Amino acid sequence: MKENFSKRVQNIMKYSREEAIRLGHSYVGSEHLLLGIIREGSGQSIRLLESFGCNIDELQTKIVELIKPSGGTMTLGHIPLTRRAERILRNSFAEAVGLENKVAEDEHLLLALLKEAEGIAYEVLTAFNIDYDSVLAVIRGADKGKPKPAAVTPRSAKTAKSKTPALDHFARDITGLASDGKLDPVIGRDTEIERVAQILTRRKKNNPVLIGE
């Protein structure tokens with residue numbers, strides 16, 4: 001099963017178990033997986049959360065407040081995944097395949113946490129206005145029009161993508177579209193275009209521009 005997950009996701013799974021032990025829990029649930037993502041701290045999932053204005057420290061605090069350390073003692077042996085956590089991990093690989101990746105990365109794990117629609121991780125992320133459709137749209141927006149080089153791994157392909165996925169999703173690069181010849185031609189507006197050019201030229205002289213001018 002490990003071959004289905006990147007090294008980063010395998011580390012997140014390890015951190016999740018360590019977080020469960022730290023909190024005195026005898027299981028690894030969705031909340032521990034989210035804590036594992038936060039603890040790993042360097043993946044695309046963190047950048048996605050931050051792009052939506054999510055404060056990572058506040059997110060971590062909220063999770064711990066909800067699950068609260070039990071204060072009990074436990075052995076440091078095998079800590080099983082809950083059924084929900086197992087399902088989330090399976091779904092993370094399914095999300096990766098759906099986005100044409102060969103292994104599940106941390107952003108796919110985030111998608112799977114949001115798609116579960118139940119559990120503490122989902123509730124906390126929702127409270128921070130993070131939802132599945134929005135995150136998926138940003139990931140797809142970052143992928144759109146940027147084919148992956150055949151000689152690189154999915155992780156390397158991710159790092160080569162846009163550094164502003166949220167901006168790319170909600171806005172268009174008009175300058176880039178114009179240089180690529182993808183904008184519709186402007187017909188019959190010569191007078192208006194000339195007038196705008198005159199006004200912009202005046203601004204270079206620090207003259208005020210009046211709306212009714």
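This section describes the packing of helix α7 in a predicted model, followed by the setting of Ile79.

Helix α7 spans residues 120-127. Its buried residues are Ala121, Val124 and Leu125. These three residues lie on the same side of α7, because the arc that they cover around the helix axis is only 95°. An α-helix has 3.6 residues a turn, so residues three or four places apart point the same way. The elements against which the buried residues of α7 pack are α2 (30-40), α3 (44-51), α4 and α6.

The packing of α7 with α4 (residues 56-67) brings the two helix axes within 10 Å, at a crossing angle of roughly 135°. Helices α4 and α7 are therefore oblique to each other, since this class takes in the angles that are neither roughly parallel (under 35 degrees), roughly antiparallel (over 145) nor roughly perpendicular (65 to 115). The hand of the crossing between α4 and α7 is right-handed. On the α4 side, the contact involves Leu59, Lys62, Ile63, Leu66 and Ile67, while α7 contributes Ile120, Val124 and Leu125. Seven nonpolar residues and one charged residue make up this contact, with no polar residues. The charged residue is Lys62 of α4. Val124 and Leu125, which take part in the contact with α4, are also among the buried residues of α7.

With helix α6 (residues 106-115), α7 packs at an angle of about 95°, and the axes of the two helices are 8 Å apart. An angle of 65 to 115 degrees counts as roughly perpendicular, and α6 and α7 are therefore placed in that class. Leu110, Leu113 and Leu114 of α6 meet Ala121, Tyr122 and Leu125 of α7 in this contact. The contact of α6 with α7 consists of six nonpolar residues, with no polar and no charged ones. Leu125 is listed in the contact of α7 with α4 and again in the contact with α6. Ala121, a further buried residue of α7, belongs to the contact with α6. Just after α7, the backbone at Asn129 adopts a positive phi of about 60°.

Outside these helices, Ile79 is located in the loop between α4 and α5 (83-98). The relative accessibility of Ile79 is 3%, and this residue therefore counts as buried, the cut-off being under 20%. Ile79 is separated from Ile21 by 58 residues in sequence, whereas the C-alpha atoms of the two residues are 8.4 Å apart in space.

Technical notes: Residues numbered from 1 in each chain as written. Predicted model: local features only at pLDDT ≥ 70, side-chain atom pairs only at ≥ 80, totals over all residues. Heavy atoms only, no water. Axes fitted to C-alpha atoms, helices over the stretch in contact; angles between N-to-C directions. Helix = DSSP H or I, 4+ residues; strand = E, 2+ residues; numbered from the N terminus. Left-handed = near helix turned anticlockwise from the far one by under 90°. Contact = heavy atoms within 4.5 Å. Buried < 20%, exposed > 50% of the residue type's maximum accessible area, 1.4 Å probe, protein only. Arc of directions from axis to C-beta.
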